Amino acid sequence: MVLYLRPLLFFATAGSIVRAGAIPIFVDINSQTYNLDPIKLQEFIDTNCNFDSQINQLRDIQTGKPIKAIIPVYLYGQMCKMDEIADIAHKYNIKVVEDCAQSIGSEYKGKKSGSYGDLGIFSFFPTKNLGTYGDGGMIVTSSEEYSKYCRVFRSHGSKPKYYHRLAGINSRLDELHAAILNVKFKYLNKWLEDRFQVAYRYQKLFEKYNLLEKIKLPLNDIYNIENHKEHTFHQYVIFVENRDKLQEFLKENRIGTNIYYPLCLHLQECFKYLGCKEGDFPVAEKASRHVLAIPMYPELSEEKQEYVVGKISKFYNLLIN
Ligand SMILES: *Cc1c(COP(=O)(O)O)cnc(C)c1O
């Protein structure tokens, strides 16, 4: 069994593929959005796979194994071109598992993240847009069969109690966290709206400080600052030159930043056995050297944003002079 995903992302997505006994296959990201690109996905299928129409199965030529699923990850809160990806999946009889850990509430062409695929996976880790005070997550599906399976699997695979149909895991959302989430959920839309306002102000500040040449944002071509539903800005990530020096300079000025992610998955030690090497996914590798997440949270004030953008501007002026 094989699955596709993008090499620039958090480990958990690929880790779960391996633990399911499958082999991850990476497809390079779109250079504009950093998301899975339907064109590259189709190209990959055309060059590396065979479709057996008799049994309705797509196979990876190199390993001879069937391809079972695609996992699009909505990096930083922005959705992929899901209508096109869903069409490809349908054409080749493969499932779609959406990784919505960063995209709760995001929409693409009027449909919410988690509603395009066979399964949608959400995380309530404290740093996410809807976070509890510990670990938690949610799977959504419209399939009765998957729903039943997930309920049994999360309780050590037992049904009825103490009769184990599968070797499941302990992955129940405990009641304390469910109670916290029930309260916080009511504020989610307000927080998402506030995040958008923060993003909107950053955009205006970049204009004001003449930084539009220096700072690129990974955004969909249909992205429109007035109509922002496809991006909920879990992270506000900029693409910049001299990234490491900028990060250091901001740190000296007490501005916290982060890099999502510094090392692509195909180059991680635990995936050495997959045989990928540097240069295999040039867009993702380049992104990992240039991305920087600057402060983003619903309560971030305009004053603080101006301080952040002012320091970024100062850094580039110092570089020139
Ligand atoms: C946070 C995150 C996960 C994992 O969520 P956990 O709740 O920590 O298991 C998976 N994928 C992406 C893209 C994430 O950001």
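## A residue out in the open

Asn-210 is exposed, with a relative accessible area of 67%. Anything over 50% earns that label, so Asn-210 qualifies. You'll find Asn-210 in the loop between α6 and β11. Keep in mind, as you look around, that this is a predicted model.

Asn-210 has another feature to check: its phi angle is near 55°, a positive value in a residue other than glycine. Where else does a phi near 55° turn up? His-156 has one too, and again the residue is not a glycine. His-156 sits in the loop between α4 and α5. With a relative accessible area of 36%, His-156 counts as partly exposed.

## Two cis peptide bonds

Stay in the loop between α4 (144-153) and α5 (175-185) for a moment, since Pro-160 is found there as well. The peptide bond running from Lys-159 to Pro-160 is cis, and its omega is near -10°.

Now jump along the chain to the loop between α7 (243-252) and α8 (282-290), where Tyr-261 is found. The bond leading from Tyr-260 into Tyr-261 is a cis peptide bond, with omega near 5°.

## Salt bridges

Side chains of opposite charge can pair when their charged atoms come close. How many salt bridges does a search of the whole structure find? The count is seven. One of them joins the side chains of Asp-194 and Lys-190, with 2.6 Å from N to O. Both of these residues belong to helix α6 (residues 188-208), where they are four residues apart, or about one turn of the helix.

Helix α6 also holds Glu-207 and Lys-204, which are three residues apart, again about one turn of the helix. These two form a salt bridge whose closest N and O atoms are 3.9 Å apart. The cut-off is 4 Å, so a pair at this distance still counts. Are the partners buried or exposed, or somewhere in between? Glu-207 is partly exposed at 37% relative accessible area, and Lys-204 is partly exposed at 39%.

Another salt bridge brings together the side chains of Lys-277 and Asp-280, at 3.1 Å from N to O. Here Lys-277 is exposed, with a relative accessible area of 53%, while Asp-280 is partly exposed at 29%.

## Around the ligand

How many residues surround the ligand? There are ten, and the closest are Asp-99, Ala-101, Gln-102, Ser-123 and Lys-128. Sorted by class, this shell has four nonpolar, four polar and two charged residues.

Some of the contacts are easy to pick out. Ser-123 puts a polar side-chain atom 2.6 Å from an oxygen atom of the ligand. Gln-102 has a side-chain N or O atom 2.7 Å from a ligand oxygen. Thr-13 has a polar side-chain atom that lies 3.5 Å from a nitrogen atom of the ligand. As for cover, the ligand has 380 Å² of accessible area on its own, and the protein covers 78% of it.

## Aromatic rings

A pair of aromatic rings is described by the distance of the centres and the angle of the planes. The structure holds 15 aromatic pairs. In one of these, Phe-206 and Tyr-236 are tilted, with 6.3 Å centre to centre and 45° between the planes. What does this pair tie together? Phe-206 lies in helix α6 and Tyr-236 in strand β11 (residues 236-239), so the pair links parts that are 30 residues apart in sequence. Both Phe-206 and Tyr-236 are buried.

For an edge-to-face example, look at Phe-315 and Tyr-316: their ring centres are 4.9 Å apart, and there are 80° between the planes. Phe-315 and Tyr-316 are both buried as well. Rings can also join up in groups, as Phe-26, Phe-271, Tyr-273 and Phe-281 do, being linked into a cluster by ring pairs.

## One residue in a strand

Finally, take Ile-121, which is found in strand β9 (residues 119-123). Its relative accessibility is 32%, so Ile-121 counts as partly exposed. How far is Ile-121 from Phe-51? In sequence they are 70 residues apart, and in space their C-alpha atoms are 28 Å apart.

Definitions and conventions
Residues numbered from 1 in each chain as written. Heavy atoms only, no water. Buried < 20%, exposed > 50% of the residue type's maximum accessible area, 1.4 Å probe, protein only. Near = heavy atom within 4 Å. Polar contact = N/O pair within 3.5 Å; in protein donor to acceptor, adjacent residues only side chain to side chain. Areas by Shrake-Rupley, 256 points an atom, 1.4 Å probe, with all protein chains shown as cover. Nonpolar A, V, L, I, M, F, W, Y, C, P; charged D, E, K, R; others polar. Phe/Tyr/Trp six-rings, centres within 6.5 Å; stacked < 30°, edge-to-face > 60°.
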